[in-house]
Amino acid sequence: MEVHDDPSYTIGIGMEPDNRRQVIIKLIWIAIWFAYMAAPVEDVLGGHHTLAGDVFGGCGLAVFVAGYLALVFRHTSRPLERARVLGALAALLSVAVVLSLTLGGAWLVLFVYVCVASGAVLPTKLSRITIPLVTGVLAGLGAMTPGAPEYLAALVIPALLGGFAMVGVRQMAMTTRALREARATVAHLAANEERLRLARDLHDLLGHSLSLITLKSELAGRMLPDRPDQAAQQVADIERVSRQALVDVREAVSGFRRPTLEAELAGARTALAAAGIAADLARAATDHPDLPPDEEGALAWALREAVTNVVRHSAARRCEITLAEEGDELCLTVSDNGRGPRGGPPGNGLTGLSERLHLADGRLETGPGPRGGFRLRAFVPLSRSLAPERPTLSS
């Protein structure tokens, strides 16, 4: 990879240039390998042929270089267009053969570039055949061309090594491109996951807070004519809930939001009381030392969502919340005596809650309660620490 402090200079292997500056930089790196062209250039400019021969050689060299650049510059990391690429390679080989036969051994160096182009644009299996084949043509023509042996000894090995080196470069370019695409895919999936997390957090946070604000606003409206002091208290509660909701949203956006069962039980008691629903929290002890923080956060979100649904949708008069250990799991149960489950698929809240529990290796169960109404059960695993065995006293 060529690297520069300015991003506009940076060009990765197998990447297509995005602007003129990157095009120039890539051409410079390719042009470094044109040092071998010194021999045919000197042959054209050195007065070794007639004017017609020099013009023919100059035009032929220009055509060869243009074809070589088109292949190496444009097709190193692109999907192979078999007929087009093979036709271009055949044309390069033909130009190299004609120029070598007509102008002498100095032009045998063109076969090195044909080998390099073969390694750069052909699949590995095919290039393993074409590179030795082109090198064989180079050796054959060198044996027949007067004055060629002095060039031939210095060209056969570079033709083979340069061709097979470009096979490795092409594989590296394709691998780099695949890794870049995989990294982009991973980044896209991570962004989607973060959006889902934020959507779940905002749904649960704002659903609960806005429901409580709505209930307290209705209470304050009913109290205003006759009980202004109590109405003022409700307005103060609305301000407190609003401020806490703002803090929660900021924490959710920054990724630091992790509710606790104790805080959510206190919020549940307040929300149920504001809705006129009797809350039974006698069996909702929050002291569970084997409960990891992530699992506690998942249960706290489940409690918030369940209480929000009871307040908004159940029309219940009583809600019972329990926390109990069942084997190696802690189960949160929220049940009410309201209208019971509605038909149809679960809403966004329950879907997000199920995903949240799944991330904590938990599960969600919903359905009608044993005495009617609706019941939600959320399970998370407990981390049991094995107590050390007591040493036995030898007699």
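A residue counts as buried when its relative accessible area is under 20%, as exposed when that area is over 50%, and as partly exposed in between. Keep those words in mind for this tour of a predicted model.

**Stop 1: the whole chain**

Start with everything shown as a cartoon. The protein chain has 12 helices and 5 strands. Now colour by burial if your viewer can do that: of the 395 residues in the chain, 40% are buried. Contacts tell you about the fold too. Among contacts with a separation of 6 or more, 69% join residues that lie 24 or more positions apart.

**Stop 2: helices α10 and α11**

Select residues 261-274, which form helix α10, and residues 293-314, which form helix α11. Their axes are 9 Å apart and the packing angle is about 5°. Angles under 35 degrees count as roughly parallel, and that is why α10 is described as roughly parallel to α11.

Next, show side chains where the two helices touch. On the α10 side, pick Leu 261, Glu 264, Leu 265, Ala 268, Ala 271 and Leu 272. On the α11 side, the residues to pick include Leu 299, Leu 303, Arg 304 and Val 307. Sorted by class, this contact has 11 nonpolar residues, 3 charged residues and no polar ones.

**Stop 3: a salt bridge between these helices**

Stay here and zoom in on Glu 264 and Arg 304. Their side chains meet in a salt bridge, at 3.1 Å from N to O. Glu 264 belongs to helix α10 and Arg 304 to helix α11, so this pair links distant parts of the chain, 40 residues apart. Are these two residues buried or exposed? Both Glu 264 and Arg 304 are buried.

**Stop 4: helices α11 and α12**

Keep α11 on screen and add residues 348-359, which make up helix α12. The axes of α11 and α12 are 9 Å apart, and the helices pack at about 165°. Angles over 145 degrees count as roughly antiparallel, and so α11 is roughly antiparallel to α12. Turn the view until one helix lies in front of the other: α11 passes α12 in a left-handed crossing.

To see the contact, select Ala 298, Trp 301, Ala 302, Glu 305 and Asn 309 in α11. They meet Gly 349, Leu 350, Leu 353, Arg 356 and Leu 357 in α12. By class, that gives 6 nonpolar, 2 polar and 2 charged residues.

**Stop 5: strands β1 and β2**

Now move to the strands and select Arg 318 with Asp 280. The side chains of these two form a salt bridge of 2.9 Å, N to O. Arg 318 sits in strand β2 (residues 318-326) and Asp 280 in strand β1 (residues 278-283), so the pair ties together parts 38 residues apart in sequence. Arg 318 is partly exposed, with a relative accessible area of 38%, and Asp 280 is also partly exposed, at 22%.

Then select Arg 283 and Glu 320, whose side chains meet in a salt bridge of 2.2 Å, N to O. This pair links Arg 283 in strand β1 with Glu 320 in strand β2, 37 residues apart. Arg 283 is exposed, with a relative accessible area of 54%, whereas Glu 320 counts as buried at 10%.

**Stop 6: a network**

How many salt bridges does a search of the whole structure find? The search finds 8. For your last selection, take Glu 326, Glu 329, Arg 363, Glu 365 and Arg 377, which are linked in a network of salt bridges.

Methods:
Residues are numbered from 1 along each chain as its sequence is written. This is a predicted model: local features need pLDDT of at least 70, side-chain atom pairs count only at pLDDT 80 or more; totals for chains, interfaces and linings use all residues. Side-chain values use heavy atoms; hydrogens and water are left out. Axes are lines fitted to C-alpha atoms, for helices over the stretch in contact, and angles run from 0 to 180 degrees between N-to-C directions. Helices (H or I, at least four residues) and strands (E, at least two) are DSSP runs, numbered from the N terminus. Angles under 35 degrees count as roughly parallel, over 145 as roughly antiparallel, 65 to 115 as roughly perpendicular and the rest as oblique. Contact means heavy atoms within 4.5 Å. Ala, Val, Leu, Ile, Met, Phe, Trp, Tyr, Cys and Pro count as nonpolar, Asp, Glu, Lys and Arg as charged, and the others, Gly among them, as polar. A crossing is left-handed if the near helix is turned anticlockwise from the far one by less than a right angle, and right-handed if clockwise. A salt bridge is a side-chain nitrogen of Lys or Arg within 4 Å of a carboxyl oxygen of Asp or Glu. Buried means under 20% relative accessible area, exposed over 50%, partly exposed in between (1.4 Å probe, protein chains only).
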